[in-house]
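Here are some notes to read alongside the model, written for someone meeting such a structure early in their studies. Please keep the sequence at hand and find each place as it comes up.

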Amino acid sequence: MSATPPLKRPIPGVAASDPLNPGQPGHLVNLSFNVPFSSNIAGPEKDDVLYSSIGAFQKWTHPDGTAEETPNHALPIHARNVENLRVSCRRMTEGSDEKIHATVTSSKPKPVPGMQRGPLTALVTNVCVSGDAELVHKMRQKILNETPITLQTATIDIEREHIYPKGQEGARADIMAHMDDIANKTKADIFLLEAKARRKDSESASFNGVSETSMDNRLRIQIYGDMESLENAKTRLLIMIDQLLQRQVDTVRLELSLHSLISGRNRRNIKHIESTTSTAIYFPPLFPSVFSYTAPGSLPLRGRDEIIITGDSMDSILQAKKRLHDLVMTTKTFVKDVHVTMSKVDYILLERLDKIRKIIEANGSYVLLPPLGNTSGVLRVQATDILNVERTVREIMSLAGQFYAASWWVTHPDPSQRQPTPSDIRAMLPDICINSGAEITFENLNFHINGSDDSVKAAMSIINSLPFLQRAQSTLRVKVELANEHKEFVSGKKNGKINKIMSQSNVQIVFDGFNEYNFYIDVRGSQYEATKAGLDLVELEMPASISFHVPDQYHKRIIGIGGQHIQRIMKKYSVFVKFSNAMDRGGIGKDDDDIKVDNVICRTPARNADNLELVKQEIMDMVEKVDAEFVSEPVPVDRLYHRELIARMPEIEALEKKWNCKITFPGTEQASDIITISGPEYQVPQALDEFLGMVPESHEIEFPTTEELSKFLSSDEFRHELTTKLRDQHIVEVAIAEPKREMQGDKEVTVVKLTLSYTRNNAGGLKDAIDFLLLPFISRGLEVDNVKGAIPRPKSDSFEDNMPYFESKLLQRAEPPMNAESPTRATFAEAEHRSFFNKLRKPGSMASFSSFLDRRRNGSNSPSSSLFKHASSNASKASLVSMESRDSGYRNPWNDSGIDLEHDQQANGFAANGHASYTSHGNGWGSFGGSASRPNTSSNSLSGAFETKFPFGTNGNASTTSLSAPLIPGLGMVNGNGVHTPGLNGGDVTPKFESSRSVNGDAGANTTDTIPELPLTTAATTTQAVATTNGDKTGSTIDVPANAKNE
């Protein structure tokens, strides 16, 4: 397929340097920026730690005698990082012959007048660099790339028997040694923590926790480290667990940029391969070259384009490789370069990398990002078709619109005021940056401010209070980036809206083209208050939007004959509504039919945002209940059991079709327990119930037996009548283990163990089943107190609620119960502030809980009630008000994408202060941009001489690097009886694949030679995607004019 030549067009603002960010060599500048340490990461609880790697415990726990209220940023690891930064800056300053001067300041941000924000507890570290512009920016890049700003933590759950085998005292020394080896080579800090259920502060099993008790009994491996170290250590620990389960391990190399393309949207293709071959496929991190920091002394344990595959046999791994090879050979790639404002690339990398990752996963695309601090404004987007390229680009450009650039030029200084000295500047700039979160350059009495929308406005508010600017004459300028399609929306007919704003606020507003996707709104004024008022008014005219899914068959009914229905709604609420069907979205014959993308967009000026939810409600009222209100429900299932469920993919697909829902499994390398079920609000509970019917659970009870009880256990009454009733009435199976002798006190007794098996959807009736089972035993002399595993009465019953009346001489009013979103949990979630913007994320209609009740065969509580959360947790998928600004309760008012980015489930995501600037001019300038956590590093394959030394070794495979060599000599698996069995082949964990076996049975053939080397660069045909501003059909929608005819 011949490549189409790229369209030649001028790119304003790309060739020349950004006018708001002077950086010409020879200019003396002062640059102040915050170093985004993750200083709020807490260490493990001391009492939970069973094991820690060398030095980890001292770094991540407070010394003995430290007060309980000591903040997390005082942990030794965080304090050491800040001190290392101070030493590094001091060394750079001393080694530059006074050409450059760097100071480090750490403090907590203070509240700024007119700004609303949560508790300001995080410590912010700022670096202020003075010197030549070129040297200053190089030093900024050096600091960001040599500082562990990507510090983060991850958790892996592991069964207790793998580390503490039954019948053996203490932990397995070989596993502990291997975890030490991983920590030593990756320089990550690894902890083994006690199970949640065994913690001292955890409650005993109760009604609320029945279905989670088995998962709560798993030990937790907690990993701390920078992005690369953590991913390296996490992958090796996951492979270790797979090898403990006697799974074979092998690897395959594949061009990194093709990983997300062959995975498909939401990793569908990979899950299909895992289902048909019974393998687990671990992909490497997507952005290895973005962050250059590597922990001192760490060794690369994996090539950056290396995919690890584990399976029950070598045959299944070879099948998975072949399927990956077939995907590569059939993949066509379309590539497009897109220009982003240079100053915004770093903010996207530092604060929005998770969003980029979600965009990539949702579209099955790949984005090549420049390294941090590289001052390159070009991103390369790659996908399997032009439509997904365009979707990805538009989503990224909408992220760029969440950052502002501003300048404050002092044209005529106030002669009566002393002008700031260099030492004044080095004290002033860090204070502004720490309290606002913006990045500031200061030269020749001119401020240049960059950052998130709220942080830029906060910085301008603080600068306005500086004494030497009070009477000085200044020129202010704020640049806002917005999608080209909204240009007319903001300007109004014949620029009416903009002209009105300019006359009201005495500012000048200029629309400046940037590229084929975005343009700049340039707000200029001579006074702060006027510029602030003008920017507020412009923001109020920006489009606030909400997008959601309505099945295509309802569109004609909602539009009405000649568009009369939808015109009435639009006129009533002053909201513009657009519909798009599968053909417009390019989804005919593609996977869009299975992924419920948002196909209705409601858009209105931000000042009218309150009406968006009302419009949505009125539209959804015309949709049948079974199809209304798409929601997502997270379901925790042991991650290792995901493999069993994926193997039953035909059943899951039938379940999806039956209930019109979508079941999404997490990526294997994420080690997450959460499976997401999404679909219509009234269908999700039924789908959830049926899906949980595929998840088995078990519960054990033990009690001392007597001769009479032993006879009853062997009688037909128990084996036939009681067990049959238990199975029919409670849907619970019971199995009896062999009795064993135990010492209780001074006497020896015979203990019998009963194992109850059921499915997760019947977990709510477990207590009733145990009571029914124990009743005949109690009548034959069994003491209830001697039963281990019995479930106590729920603590939160009505009798206990009334007890306060009897504790006081005066009749007191009982405290009102806590609000809960779950009908079964009294304290379901932390209290959160509710506002209109919360409703955009959580529309608030209660899920059909009653549908569970009539399906309980024993009349007990809802089968899955203890799992089922409020069904509307992310129902609206509202892209309303941009407000993605980190740590600001504010979302971009012009993001109207149709792609679900899995909104952040933060309690303060749309707090009351979230969009104050859209309703008044007074407090819309408030919020601090905070620090961020970051992702990965590097790009080249680093599998060097070290690979043969790592315990996994190689097997001489001609086409791949094998990991199937033993993990550690003697590292075996725990068998069903809890006895530690040595590994096969002389103690190897993973049985070695014998070369004498072959796929087709030939005795002498080597199976690993049957798969050819995967082509890395010639496998995909690359075509240049050409997009033009006119005639582009991507994301085309049906606009309904007043005289539209209904077809």
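1. Helices (H or I, at least four residues) and strands (E, at least two) are DSSP runs, numbered from the N terminus. The model is a predicted one, in which local features need pLDDT of at least 70 and side-chain atom pairs count only at pLDDT 80 or more, while totals for chains, interfaces and linings use all residues. Residues are numbered from 1 along each chain as its sequence is written, and side-chain values use heavy atoms, with hydrogens and water left out.

2. Just after helix α17, Asn506 takes a positive phi of about 60°, although Asn506 is not a glycine. This residue sits in the loop between α17 (496–505) and β18 (508–513). Is Asn506 buried or exposed? Its relative accessibility is 59%, so Asn506 counts as exposed, given that buried means under 20% relative accessible area, exposed over 50% and partly exposed in between, with a 1.4 Å probe and protein chains only.

3. Within α17 itself, Ile498, Ile501 and Ser505 are buried. Looking down the axis of α17, one finds these buried residues within an arc of 60°, so they line one face of the helix; the arc is that of the directions from the helix axis to the C-beta atoms. Lys500, Ser503 and Gln504, on the other side of α17, are exposed. The buried residues pack against α16 (487–491), β18 and α18 (528–541), where contact means heavy atoms within 4.5 Å.

4. Helix α20 (residues 564–573) can be read in a similar manner, beginning with its buried residues, which are Ile566, Gln567, Ile569, Met570 and Tyr573. Seen along the axis of α20, they fall within an arc of 160°, so they line one face of the helix. Lys571 and Lys572 are exposed on the other side of α20, whereas the cover over its buried residues includes α19 (555–559), β21 (576–579) and α21 (610–620). After α20 comes Ser574, which has a positive phi near 55°.

5. Another residue to look at for its backbone is Ile731, which is not a glycine and yet has a positive phi of about 55°. Ile731 lies in the loop between α26 (716–730) and β27 (733–736), and because its relative accessibility is 29%, Ile731 counts as partly exposed.

6. Turning to the sheet, how are the strands β2, β6, β7 and β5 paired? They form an open sheet of 4 strands in the order β2-β6-β7-β5, with antiparallel pairing, where two strands pair if DSSP finds at least two bridges between them. The edge strands, each pairing on one side only, are β2 (49–52) and β5 (152–158), and the twist from one strand to the next averages 20°. Between β2 and the antiparallel strand β6 (residues 189–193) there are 3 bridges, and Tyr51 has Leu192 in β6 as its bridge partner.

7. Two helices accompany this sheet, and their directions come from axes that are lines fitted to C-alpha atoms, for helices over the stretch in contact, with angles running from 0 to 180 degrees between N-to-C directions. Helix α5 (residues 173–186) packs on the sheet, where it touches β2, β6 and β7 (219–225), and its direction makes about 150° with that of β6. Helix α7 (residues 227–244) lies across β5, β6 and β7 and runs at about 5° to β5.

8. Strand β6 also holds Asp189, a residue that is buried, with a relative accessible area of 7%. The side chains of Asp189 and Lys59 are joined by a polar contact of 3.0 Å, that is, a pair of N or O atoms within 3.5 Å; within protein, one must be able to donate a hydrogen and the other to accept it, and residues adjacent in sequence count only if both atoms are side-chain atoms. Leaving aside residues up to four places away in sequence, Asp189 touches Ser53, Ala56, Lys59, Trp60, Gln222, Ile223 and Tyr224.
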